[in-house]
Amino acid sequence: MNSFDKEKLSLVDYFIKVEKYNVYKVKPRSNNNVYLYKVDNKQFQIIKIVDNFNSDPGRYQIDDEVVLSLREYLTKKFQRAKLNVLSIVLIANNSQQVRNDNGDVTLFVDNNNYQNKVAEFFPSLQQSDSGEEENIKNMSAEQILEDIKDPNSKLTKNLKQLSDKLSMNNLMVTWIFVVLLLVIPIIQVFFGNQLFQTKGLDADSITLVYGGITRDLLVWSQQWWRLWTYPLFDSNIFLLILNIFILFNISRYNEAVLGRWKLALIVIIGVPLAGLFLSATMPNTIFSGSFVVLAILWGALFSYNFGKEDLASLVSNQRTIIVPIWLIILPLITSNFPSYLVVFSGFFIGSALGFLFEFKIKKINLSILYPIFILTAVLIIGIVLLSIHRYSPPLNAPVVNALIVYWNAGLTSKGAIQDMLLNYYHYPRNEWPPGLRTTGTFFSNLFNLFGNRK
């Protein structure tokens, strides 16, 4: 058996499956070389792989009878085709590159450097050379340990690469998420009463003051900014700490596997989509907190890793298994069963976005219908339900309380509150708080009145 059989088969497999070259089969039986062609390639339209060359490299000839025949065949079939040849000559203890004036290139490589040399022209060769990664799931512990001991093994290199991506210094987007989730609760705890005079308000009113979301404020007051702010406030400090700890865990793997900009876009797009859908389907509910972000990130990572068996996917799936467990048990612990709608909507929106970022345009198939269906359905359901104005929705006291706090802080007008009471809730004017009918009344009376009407 030729000592280069493995390398030869690896290269042929790569050029056929990844680069989509065709095999040219018209050659003498005694010729063991492999000839490949792809006319629309920008660099080399013909590739010749030789593994039985035992002569002086200076005597190597690119245009043998098969290459000449292939040139003639391609010239007839594609009249204006540019025909350059890349010759890959597998030869022991040799490494050199020869470029001809006409654009042909010959690579003399051995089994230690052939990947790096060919990757200079086809960079995806190193990315697609995942034999060790693809089989890692089936490797024994002893085999994995042996590979890790070898500093030059693919497994060791990928393990180091993944470790570098997960290092604290490389988690820029993840740290931004953590800081944002901590800023609003810290402001509320230490400066809330001074900034917004929220002392004595109920939990739902405080949630809306600090960016929570509900249908009434989105539709009537057009406070669309709440679609991005509702994850930033959680009134339960204990759950906030747990959620941030778990979110940091899954976000760092999302950032390492998907990349920074993909992670950022998934959150920037996924959070408002989930908020739109939840506000439309739960019109009388006030909600906030990072729980929905956990569901979005888990959905994105699950979809991106689905069907893969490389090292990064296997490690990230194993290390983030706590996330789906937490998403399932938390609503049971708190007896907040509507949270399952938050989980499902976040998961499917995240998985659709993760799928889109993984989807390759060159491989268009029916699977693209999944993200299109999910994202389109979310948008249509949200927009349609939010556009249906109920004639007389029940008075939502926390909504009015939050608006009064904003009025007191100079962030909204008295007329906006009156407009909502009169034209949205159709609330009798004679039952309005005195402070909204006349000026000069203390705000505490307003808070007490609406707080008692819950």
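Biologist: How many salt bridges does the structure hold?

Modeller: The structure holds 7 salt bridges. This is a predicted model, where local features need pLDDT of at least 70, side-chain atom pairs count only at pLDDT 80 or more, and totals for chains, interfaces and linings use all residues. Residues are numbered from 1 along each chain as its sequence is written, and side-chain values use heavy atoms, leaving out hydrogens and water.

Biologist: Why is the meeting of D13 and K17 called a salt bridge?

Modeller: The term asks for a side-chain nitrogen of Lys or Arg within 4 Å of a carboxyl oxygen of Asp or Glu. For D13 and K17 the N to O distance is 3.1 Å, so the pair qualifies. Both residues lie in helix α1 (residues 5-17), 4 residues apart, about one turn of the helix. Helices here are DSSP runs of H or I with at least four residues, strands are runs of E with at least two, and both are numbered from the N terminus.

Biologist: What makes K17 exposed or buried?

Modeller: Buried means under 20% relative accessible area, exposed means over 50%, and partly exposed is in between (1.4 Å probe, protein chains only). K17 has 54%, so K17 is exposed. Its partner D13 has 36%, so D13 is partly exposed.

Biologist: And R71, which meets D63 in a salt bridge: why does R71 count as buried?

Modeller: R71 counts as buried because its relative accessibility is 17%. D63, at 27%, is partly exposed. These two are also linked with D104 in a network of salt bridges.

Biologist: How do you know that E255 and R260 form a salt bridge?

Modeller: Their N to O distance is 3.5 Å, so the cut-off is met. E255 is buried, as its relative accessible area is 5%, whereas R260 is partly exposed at 37%.

Biologist: What makes I49 buried?

Modeller: I49, found in strand β3 (residues 46-50), has a relative accessible area of 0%, so I49 is buried. Leaving aside residues up to four places away in sequence, I49 touches K8, L11, V12, F15, N33, V34, L36 and I88; contact means heavy atoms within 4.5 Å.

Biologist: Which residues touch the most other members of the largest nonpolar core?

Modeller: They are F291, L294 and L327, in a core of 63 residues. Helix α14 (residues 291-305) gives the most to this core, with 11 residues. It is called a nonpolar core because the set consists of buried Ala, Val, Leu, Ile, Met, Phe, Trp, Tyr and Cys residues joined through side-chain atoms within 4.5 Å. L327 itself is in contact with F291, L294, A295, W298, Y340 and V343, leaving aside its neighbours within four places in sequence.

Biologist: How do you know that I237 can belong to the nonpolar surface patch?

Modeller: Patches take residues with over 30% relative accessible area and no salt bridge, joining like charges within 9 Å and nonpolar side chains (Val, Leu, Ile, Met, Phe, Trp, Tyr) within 5 Å. I237 is partly exposed at 39%, so the area limit is passed. The patch covers about 770 Å² and is made by L182, I186, V189, F190, F191, L195, I237 and I241. The elements giving two or more residues are α8 (172-196) and α12 (237-257). Its largest share, 6 residues, comes from α8. Accessible areas come from the Shrake-Rupley method with a 1.4 Å probe; for residues, only the protein chains shown count as cover.
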